[in-house]
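Please follow this explanation with the sequence and the model open side by side. It moves from one helix to its charged partners, and then to the nonpolar interior and the cysteines.

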Amino acid sequence: MTEHIQRAQPVADQVLNILRQRIQEHVYGPDDRMPAESELAAELQVSRATIRSAMAALAAEKLIVRRQGDGTYINRRLLETSTHFGSISEFTRMIRSSGQEPSIEALNIFTRPADQSELDALEAQPGSQVVVLVRLFLADRKPAIYSINTLLEMQMCQKLEQADIEETLPTFFKRCCGQEFTYGISTLSAQGATADVAEKFGLAPGSPVLCMREVFFNDDDKPLVLATNYINEAVFQLRVARSFD
């Protein structure tokens, strides 16, 4: 399994590529602890500083996560995704980039017991309460995205007002929960519009709409928010740029 460093290429790049390939090929499997820096340095015949630099790059890509006092582990969540689209762009920015003027309409905010899908997504205990934020993103004042954000009530550090959820989600979450999320995992599917979604989009209930279900995580790999977003493709089209490896 030992790879040899070729000095014709930057050593740091070679080390990063070797470790990334091992992760992607499950040489280091999901939830495995990464070998110690000293072990990798000895195997690859490079300095520990070079290994440390490569590990920092892998952490920035979220392929590995550092657990305080326990070590560095492979991020199972990202290994289970089929592809990586790059950085997350907030909806208002995406709407503005399409040449339309974004705005946010707060529709509802309430607390209730979490259902099983929410408990699973947020890794919460049975009986946990969640705060549900329902918002409508508009593009040139037309309904573009019907967004439902669910988070654990215990994360809240202040009482919510209606105006709070008229902010972008990262801004709201940092101010009202004192946390930031650093990456997300999304699932896209076609679903039938619920009565509420259909009413806002001017569709018949059950009409097919694009649904983006996302879970956002913090730097400690803890799930913070479950977002379910219905996209009105007659008003706003979700476009994603991809590069080829």
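A residue is called buried when its relative accessible area is under 20%, exposed when that area is over 50%, and partly exposed in between. This vocabulary is applied here to a predicted model, and E101 offers a first use of it: because its relative accessible area is 47%, E101 is classed as partly exposed. R96, at 48% relative accessibility, likewise counts as partly exposed. E101 and R96 form a salt bridge, with their closest N and O atoms 3.9 Å apart.

A search of the whole structure finds six salt bridges, and some of the others lead to helix α3. The side chain of E37 meets that of R48 in a salt bridge, at 3.8 Å from N to O. This pair links distant parts of the chain, since E37 belongs to helix α2 and R48 to helix α3, eleven residues apart. E37 also forms a salt bridge with R52, where the closest N and O atoms are 3.3 Å apart. Here too distant parts of the chain are linked, with E37 in helix α2 and R52 in helix α3, 15 residues apart. As for the two arginines, R48 has a relative accessible area of 45% and is therefore partly exposed, and R52, at 42% relative accessibility, is also counted as partly exposed.

Helix α3 itself deserves a closer look. It runs over residues 48–60, and because each of its 13 residues is taken at 1.5 Å, the helix should span 18 Å, a value that agrees with the 18 Å between its end C-alpha atoms. Which residues of α3 are buried? They are T50, I51, A54, M55, L58 and A59. The cover over the buried residues of α3 includes the helices α1 (11–24) and α2 (37–44), together with the strands β1 (64–67) and β2 (71–74). Just after α3, K62 takes a positive phi of about 70°.

The nonpolar interior comes next. The largest nonpolar core has 24 residues, and those with the most contacts inside it are V130, Y146, V197, F201 and Y230. Two or more residues of this core are given by each of α6 (116–122), β4 (129–139), β5 (142–152), β6 (183–192), α8 (195–201), β7 (208–217) and β8 (223–231). Of these elements, β4 supplies the largest share of the core, five residues. F201 can be followed in detail: leaving aside residues up to four places away in sequence, F201 touches L136, P143, A144, I145, Y146, V209, Y230, I231 and N232. Apart from this core lies another, of 19 residues, among them Y28, L40, I51 and L63.

The cysteines complete the tour. How many disulfides does the count come to? The count comes to zero. C157 is in no disulfide, and the nearest cysteine sulfur to its own, that of C177, is 6.0 Å away. A pair of cysteine sulfur atoms must lie within 2.5 Å to be a disulfide, so a separation beyond that cut-off does not qualify. C177, for which the nearest cysteine sulfur is that of C157, is in no disulfide either. With a relative accessible area of 7%, C177 is buried.

Conventions
Residues are numbered from 1 along each chain as its sequence is written. This is a predicted model: local features need pLDDT of at least 70, side-chain atom pairs count only at pLDDT 80 or more; totals for chains, interfaces and linings use all residues. Side-chain values use heavy atoms; hydrogens and water are left out. Helices (H or I, at least four residues) and strands (E, at least two) are DSSP runs, numbered from the N terminus. The expected span of a helix is 1.5 Å times one less than its number of residues. Buried means under 20% relative accessible area, exposed over 50%, partly exposed in between (1.4 Å probe, protein chains only). Contact means heavy atoms within 4.5 Å. A salt bridge is a side-chain nitrogen of Lys or Arg within 4 Å of a carboxyl oxygen of Asp or Glu. A nonpolar core is a set of buried Ala, Val, Leu, Ile, Met, Phe, Trp, Tyr and Cys residues joined through side-chain atoms within 4.5 Å.
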